[in-house]
Amino acid sequence: FSLTLIDALDTLLILGNVSEFQRVVEVLQDSVDFDIDVNASVFETNIRVVGGLLSAHLLSKKAGVEVEAGWPCSGPLLRMAEEAARKLLPAFQTPTGMPYGTVNLLHGVNPGETPVTCTAGIGTFIVEFATLSSLTGDPVFEDVARVALMRLWESRSDIGLVGNHIDVLTGKWVAQDAGIGAGVDSYFEYLVKGAILLQDKKLMAMFLEYNKAIRNYTRFDDWYLWVQMYKGTVSMPVFQSLEAYWPGLQSLIGDIDNAMRTFLNYYTVWKQFGGLPEFYNIPQGYTVEKREGYPLRPELIESAMYLYRATGDPTLLELGRDAVESIEKISKVECGFATIKDLRDHKLDNRMESFFLAETVKYLYLLFDPTNFIHNNGSTFDAVITPYGECILGAGGYIFNTEAHPIDPAALHCCQRLKEEQWEVEDLMREFYSLKRSRSKFQKKTVSSGPWEPPARPGTLFSPENHDQARERKPAKQKVPLLSCPSQPFTSKLALLGQVFLDSS
């Protein structure tokens, strides 16, 4: 029940139900406890619990919740998010730095836990964990997320593809099917969203390399098939409903034409069944046996929302209208909206997934609500005074995590002095040890003059040899005139509201 509340919390605010948002925040503060003997999915806990709590924390002031002094760098929901994330850190203690798929919230990784994890379960942490590190000042979260991303990047095949499942102890691929759907999807999504959120050119370059390989080996007539990751030969000529996020992701990098063509392919499937079946056989033009259901997934509606913001094409509103009418007609029941067990006869299942409230409803509402604060173009904002200076929030350009929890990129800079102070201490320690080794009081050494690394903080999971690679985001120390502003590091290639990489790259 608490998971569903957390997952749907920011939806209440986006739909305008401020009083209910406030009430649920009070309930969560009194009821959530992570010290329980429960096995939890590392991936799901991150995107739903950590992501949901971070989003609600950053939206609290807008919702009229009384925030404590120091917000957004402190607050009860932020502390809950940090506690939940710390419960996941033992999963990252592997030889490769890639996490186990499941962790016990009380005891850590179970001794008999399988080392096989899906690609998405390894590469879907940078949005939440980097946000958490920025707000709390503890780099361990962003560090583990970056190491996991890099290990996946280093594990790609010679033709530039990644498989579906990998052994996190050995780094060997167990399932070698390559595609953009289930088991892989949010890895690609987080490279793009992490690049935009953190203004990180390296993450975007990684995605663009993957995008070339995906176009070369998996795309056929604007459909994306599954292929063998080493040979590029087709292994499954199917479309999965989870792949419908791809046009929205293409829109974020400015590839609108390809996005619309692929979207229209997927929309034809929706028109055929009144929803997207989990699997759709492309050559046969029909559902796949035992994969005929539609659990009210949001991905196609998500893409429609992104593409409508980019193009204003009324076809996208037609999809939204179709979705509302289909869901109301087919799946509405007395106590909610039920999963469609079989799209061929529209039989229902006795369940409703929390992502229906967290994502499907939210994206539908945003598709039809052009004045929602989420769509802010920067014309309005909130100036917040923090212990570290003035901070601008709510100016737009929100980054949705893969569970549709919006993160305000500006918030990552509100508490930056915490990180700067830590880096200054580390720089002083490096210089001290550098001078000590030189055995000279008069020879000045720079930070780069020695290989010394700061000792691991409590909870840090890395050996010194991994530290430099994990902390590549650290900006160079520069002397900046007091009355000048440093230039944006991404040289206008990224814009907050969507279009990315306008040049030939």
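Below, a biologist asks and a modeller answers about this predicted model.

Biologist: How many disulfides does the model hold?
Modeller: A disulfide is a covalent bond between the sulfur atoms of two cysteines. Here a pair counts if its sulfur atoms lie within 2.5 Å. By this rule the count is two.

Biologist: Which cysteine forms a disulfide with Cys73?
Modeller: Look for a sulfur atom within 2.5 Å. The sulfur of Cys73 has one at 2.0 Å. That atom belongs to Cys415.

Biologist: How many residues apart in sequence are the parts that Cys73 and Cys415 tie together?
Modeller: Cys73 sits in the loop between α3 (42–59) and α4 (76–88). Cys415 sits in the loop between β21 (406–407) and α15 (416–438). The pair therefore ties together parts whose separation in sequence is 342 residues.

Biologist: Is the disulfide of Cys73 and Cys415 left-handed or right-handed?
Modeller: The torsion about the S-S bond settles this. For Cys73 and Cys415 the torsion is about -100°, so the disulfide is left-handed.

Biologist: Where in the chain is Cys414, the partner of Cys391?
Modeller: The sulfur atoms of Cys391 and Cys414 are 1.6 Å apart, and the two form a disulfide. Cys391 is in strand β19 (residues 389–393). Its partner is 23 residues away, in the loop between β21 and α15.

Biologist: Are Cys391 and Cys414 buried or exposed?
Modeller: Buried means under 20% relative accessible area. Cys391 has 5% relative accessibility, so Cys391 counts as buried. Cys414 has 4%, so Cys414 also counts as buried.

Biologist: What is the pairing when the bonded cysteines are numbered in sequence order?
Modeller: One disulfide joins Cys73 and Cys415. The other pair is Cys391 and Cys414. Numbered in sequence order, the pairing is 1-4, 2-3.

Biologist: Is Cys335 buried or exposed?
Modeller: Exposed means over 50% relative accessible area. Cys335 has 77% relative accessibility, so Cys335 counts as exposed.

Biologist: Which residue does UniProt list for "binding site"?
Modeller: The UniProt entry is unreviewed. The residue lies in the loop between β20 (399–400) and β21. With a relative accessible area of 15%, the residue is buried. UniProt lists Thr402.

Biologist: Which side chain does a polar contact of 2.8 Å join to that of Thr402?
Modeller: Thr402 touches several residues beyond four places away in sequence, including Ile47, Thr124, Ser186 and Glu359. Glu189 and Tyr190 are also among them. The polar contact of 2.8 Å is with the side chain of Glu189.

Biologist: How many Å does helix α9 reach from its first C-alpha to its last?
Modeller: Helix α9 (residues 201–217) has 17 residues. At 1.5 Å a residue, 24 Å is expected. The helix comes close to that, reaching 25 Å.

Biologist: Which residue caps the N-terminal end of α9?
Modeller: Look at the backbone nitrogen of Lys202. A side-chain oxygen lies 2.9 Å from that nitrogen. The oxygen belongs to the capping residue, Asp200.

Biologist: What covers the buried residues of α9?
Modeller: The buried residues of α9 include Leu203, Met206, Phe207 and Tyr210. Strands β7 (219–220) and β8 (223–224) are part of the cover. The cover also includes helices α6 (126–136), α7 (140–154), α8 (185–198) and α10 (246–252).

Biologist: Which residue in β13 stands opposite Tyr280?
Modeller: Strands β11, β12 and β13 form an open sheet in that order, with antiparallel pairing. Two bridges join β12 (residues 279–281) to β13. Opposite Tyr280 stands Thr287.

Notes
Residues numbered from 1 in each chain as written. Predicted model: local features only at pLDDT ≥ 70, side-chain atom pairs only at ≥ 80, totals over all residues. Heavy atoms only, no water. Pairing = 2+ DSSP bridges. Helix = DSSP H or I, 4+ residues; strand = E, 2+ residues; numbered from the N terminus. Buried < 20%, exposed > 50% of the residue type's maximum accessible area, 1.4 Å probe, protein only. UniProt positions renumbered as here; feature names shortened; annotations may be inferred. Contact = heavy atoms within 4.5 Å. Polar contact = N/O pair within 3.5 Å; in protein donor to acceptor, adjacent residues only side chain to side chain. Expected span 1.5 Å × (residues − 1).
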